[in-house]
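User: I've got a model open and would like to talk through its side-chain contacts and its sheet. Can you take me through it step by step?

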Amino acid sequence: MKETLLVKHAVGGRTLIDSSKLDVVYRVEKVEAGWLFSLNVPFDAVVEDILNWKDELNVFLFHESEGEPTKKTWFYVKDNPVKYDLEKHCLTIVAEAHIEYVPERFRAT
């Protein structure tokens, strides 16, 4: 199974981090507040944008398996912590809610 992580600016829809285009080491953990995303990335203009727009972020995980439609999980960051540790080069994002869906099977009602 292939997994892709996206961090997007929710308002503009701009993709800030895409693990399929950027070699980024990340970890996802279930925590009391929801889900904790830890990304090992250098501090740069993109990380600065993420910190500036921390209340306007969405995080996505795409899971692709051969012969199956892509399963997407959309995580809502809302007012949860988004921080960067300069010493560890680690960006952390906490998301409180999520929706799992398969776009091919989604129907608006």
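**Charges, rings and strands**

Analyst: Lys-71 comes out as partly exposed, its relative accessible area being 34%. Keep in mind that this is a predicted model.

User: Which residue does Lys-71 form a salt bridge with?

Analyst: Side chains of opposite charge can pair when their charged atoms come close. For Lys-71, the closest N and O atoms of the salt bridge are 3.5 Å apart, inside the 4 Å cut-off. The partner is partly exposed, at 47% relative accessible area. That partner is Glu-100.

User: How many residues apart in sequence are the parts that Lys-71 and Glu-100 tie together?

Analyst: Lys-71 belongs to strand S6 and Glu-100 to strand S9. Those two strands pair in the antiparallel sense over five bridges. Because the salt bridge has one residue in each strand, it ties together parts whose separation in sequence is 29 residues.

User: Sticking with S6 and S9, which residue in S9 does Trp-74 stand opposite?

Analyst: S6 covers residues 71-76, and S9 covers 97-101. Standing opposite Trp-74 in S9 is Ile-99.

User: What are the edge strands of the open sheet of five strands?

Analyst: The order is S2-S1-S5-S6-S9, with antiparallel pairing. Neighbouring strands are turned by 20° against each other on average, ignoring direction. An edge strand here pairs on one side only. That gives S2 (15-18) and S9 (97-101).

User: And helix H1, at about what angle does it run to S2?

Analyst: H1 takes in residues 45-52. The helix lies across three strands, S1 (2-9), S2 and S5 (57-64). Relative to S2, H1 runs at about 120°.

User: Which residue in the loop between S1 and S2 pairs with Asp-49 of H1?

Analyst: The two side chains meet in a salt bridge of 3.0 Å, N to O. Asp-49 sits in helix H1 and its partner in that loop, so the pair ties together parts 35 residues apart in sequence. The partner is partly exposed, with 38% relative accessible area. It's Arg-14.

User: The structure holds four salt bridges; what is the N to O distance in the one between Glu-29 and Arg-27?

Analyst: Glu-29 is partly exposed at 30% relative accessibility. Arg-27 also counts as partly exposed, at 48%. Their side chains meet with an N to O distance of 3.0 Å.

User: Over to the aromatics. Is the pair of Trp-35 and Phe-75 stacked or edge-to-face?

Analyst: The structure holds six aromatic pairs. In this one, the ring centres are 5.5 Å apart and the planes meet at 65°. Planes over 60 degrees apart pass the cut-off, so the pair is edge-to-face.

User: Are Trp-35 and Phe-75 buried or exposed, given that they tie together parts 40 residues apart in sequence?

Analyst: Trp-35 is in strand S4 (34-40) and Phe-75 in strand S6. The cut-off is under 20% relative accessible area. Both Trp-35 and Phe-75 are buried.

User: Which residue lies over the face of Trp-35?

Analyst: A charge counts as over a ring within 6 Å of the centre, given a suitable angle to the ring normal. Here the distance from the ring centre is 4.3 Å. The residue is Lys-30.

User: What about Lys-72, which ring does its charged end sit over?

Analyst: The charged end is 4.6 Å from the ring's centre. The ring's residue also belongs to a cluster linked by ring pairs, together with Phe-60, Trp-74 and Tyr-76. So the ring under Lys-72 is that of Phe-62.

Definitions and conventions
Residues numbered from 1 in each chain as written. Predicted model: local features only at pLDDT ≥ 70, side-chain atom pairs only at ≥ 80, totals over all residues. Heavy atoms only, no water. Phe/Tyr/Trp six-rings, centres within 6.5 Å; stacked < 30°, edge-to-face > 60°. Helix = DSSP H or I, 4+ residues; strand = E, 2+ residues; numbered from the N terminus. Buried < 20%, exposed > 50% of the residue type's maximum accessible area, 1.4 Å probe, protein only. Lys NZ or Arg CZ within 6 Å of the ring centre and 35° of its normal. Pairing = 2+ DSSP bridges. Axes fitted to C-alpha atoms, helices over the stretch in contact; angles between N-to-C directions. Contact = heavy atoms within 4.5 Å.
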